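Visitor: I would like to learn how to read a structure one feature at a time. Where should we begin?

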Amino acid sequence: MRGVYSFLFILLIIIGLMGCSNSSSTGKTSQSNSSGNSQSGQSGGKLDIAYEAQPDTLDPTVTTSGATKDTARLMYESLLTLDENWTVAPQLAESYNVSDDGKVYTFKLRQGIKFHNGKEMTADDVVASMERWTTNSSLTKSILEGAEWKKVDDYTVELHLTKSSALVPFALADQNQLAAIMPKEVAEKAGPTGATEYVGTGPFKFVEWKTNQYIHFTKFEDYQPRSEQTSGLAGKKEALVNDIYWHFVPDESTRNAGLISGQYDIATGVSYDTVEQLENTPGTGVNIHTYGIQMLVFNKKQGLFSDVKARQAVNYALDKELVLRSSFGDERFYKLEPSLFRPEQTDWYSDAGKDVYNKKDLELAKKLLKEANYNGEEIVILTSRDYAYQYNAAVATQQLLEKIGIKAKLEVYDWGTLLERRGDPALWDIFFTGWDTSVIPHQAC
């Protein structure tokens, strides 16, 4: 693991904030609580959610973007998912088993599952969807290299591996680039930037997307929930509202004001500076939850940071406590941690690498930078105000890099534009992003 810390500046753990309001305005669900569940057991009305950024696609199989993942989860499901203990559990698969040699995974599919277009899900849809996900997913390059998906019958699918791997179920259950099941014809027609028809099996279905305004989802009346008790993302799911409006509200103050006024029922990523105000506002509460990793990503394909010594120089230059404090303010909202995993993930947690974590050695940083033959060229840091904590981290990093002689320039874009520019290695050197808790080491390596 030590090599990883030479490549990535890991800040664990981001504490996410979500404000929840018990609104009584017209059209809202009656007797709702901050978890979105109806206390009376009845459903109806609508839920208005204020979210920080607009996704560039609603197809989760082609991107790790949180803006896509969070919205797409309403519509799409996968063969496997994760329960509250980070354990793999069946979702669209009724069950699965592994051959003695570990090279064949057999999935028995749930029968009678309908897509939002009314078509029943069968093995043909699963194979088409999974072949596409296997091609697109960053997780599959080593785990599923050379793998083949095969239809056995209408409700049975096999995954044949060239080499056995116990990580396969975790990859299929991961939420960062969801292995979403969609109709065969939709999957086959989808291009490299994602499907343009959003058809899944989840409890809500897509209605419309008004650019820079909102996405409208409506309850899927033919949704077939699992019978098991709800646990994390596994088990029974219910749609307790008729409609969800997912509003794009990049400005923090607007999200906070809308939450307090009752315009929004939920606002994600509320300002850390206003937590106390929200906690003291009648009818409004704050849900503080562990999110994942705040990380600095280097462009290793070209430029200065293709040299490992330059990346190591940044690692030694940064005061990670200062960067996190700049991002989140109150220590309630962050935690310094050298591991790629949360302590409760006992299968994976390790503090290996802590000896080179947050060393803050400016002289060593300067020495490494000189050995990397840095000549004063301008370094571009991509960032976005859509996620304020990422922007604040980028500003703090720029200032710290100047102390070792790096000339760093911030380029600030909306999140969608940042993702586009990130795809061209000639346009950037560093960018900040938030990363949900990893489920396997491959996600961070």
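**An enclosed helix**

Guide: This is a predicted model. Start with helix α9 (residues 308-317), which is largely enclosed by the rest of the structure, because 7 of its 10 residues are buried.

Visitor: Which residues of α9 are buried?

Guide: They are Ala310, Arg311, Ala313, Val314, Asn315, Tyr316 and Ala317.

Visitor: Which residue caps the N-terminal end of α9?

Guide: Aspartate 307 does, with a side-chain oxygen 2.8 Å from the backbone nitrogen of lysine 309.

Visitor: What does the chain contain as a whole?

Guide: There are 13 helices and 16 strands. The chain has 445 residues, and 55% of them count as buried. About 19000 Å² is exposed, with carbon and sulfur atoms supplying 45% of that area. To see how far apart in sequence the touching residues are, take the contacts between residues at least 6 apart: 71% of these join residues at least 24 apart.

Visitor: How should I read a strand, for example β14?

Guide: Look at its cover, then at its partners. Strand β14 (residues 378-383) is mostly covered, with 5 of its 6 residues buried. It runs parallel to strand β15 (residues 407-412), and 6 bridges join the two. Between these strands the chain passes through helix α12 (residues 388-402), making a right-handed β-α-β crossover.

Visitor: With which other strand does β14 pair in the parallel sense?

Guide: With strand β16 (residues 430-436), over 2 bridges. Leucine 382 shows both pairings at the level of residues: its bridge partner in β15 is glutamate 411, and its bridge partner in β16 is phenylalanine 431.

Visitor: What comes after β14, in the loop that leads to α12?

Guide: Serine 384 lies in that loop. A residue is called buried when its relative accessible area is under 20%. Serine 384 has 1% relative accessibility, so it counts as buried.

Visitor: Which backbone atoms does the side chain of serine 384 reach?

Guide: One is the backbone oxygen of tyrosine 413, at 2.8 Å. Another is the backbone nitrogen of tryptophan 415, at 3.4 Å. Setting aside neighbours within four places in sequence, serine 384 is in contact with Tyr391, Val412, Tyr413, Asp414, Trp415 and Leu418.

Visitor: Is arginine 255 buried or exposed?

Guide: Arginine 255 is buried, because its relative accessible area is 1%. This residue is found in helix α7 (residues 252-261). Now compare sequence distance with distance in space: arginine 255 and tyrosine 51 are 204 residues apart along the chain, and their C-alpha atoms are separated by 7.8 Å. Residues up to four places away not counted, arginine 255 touches Ala50, Tyr51, Glu52, Val249, Pro250, Tyr264, Ala267, Thr268 and Gly269.

Visitor: What should I look for in the backbone angles?

Guide: Look at the sign of phi. Most residues other than glycine have a negative phi. Here asparagine 212, which is not a glycine, has a positive phi of about 65°. Asparagine 358 is not a glycine either, and its phi is positive at about 55°.

Visitor: Where are these two asparagines, and are they buried or exposed?

Guide: Asparagine 212 is found in the loop between β9 (204-210) and β10 (214-219). It is exposed, with a relative accessible area of 58%. Asparagine 358 lies in the loop between α10 (320-328) and α11 (362-371). With a relative accessible area of 15%, asparagine 358 is buried.

Methods
Residues are numbered from 1 along each chain as its sequence is written. This is a predicted model: local features need pLDDT of at least 70, side-chain atom pairs count only at pLDDT 80 or more; totals for chains, interfaces and linings use all residues. Side-chain values use heavy atoms; hydrogens and water are left out. Buried means under 20% relative accessible area, exposed over 50%, partly exposed in between (1.4 Å probe, protein chains only). Helices (H or I, at least four residues) and strands (E, at least two) are DSSP runs, numbered from the N terminus. Two strands pair if DSSP finds at least two bridges between them. A crossover is right-handed if, with the strands pointing away from the viewer, the path from the first strand over the helix to the second runs clockwise. Contact means heavy atoms within 4.5 Å. Accessible areas come from the Shrake-Rupley method with a 1.4 Å probe; for residues, only the protein chains shown count as cover. A polar contact is a pair of N or O atoms within 3.5 Å; within protein, one must be able to donate a hydrogen and the other to accept it, and residues adjacent in sequence count only if both atoms are side-chain atoms.
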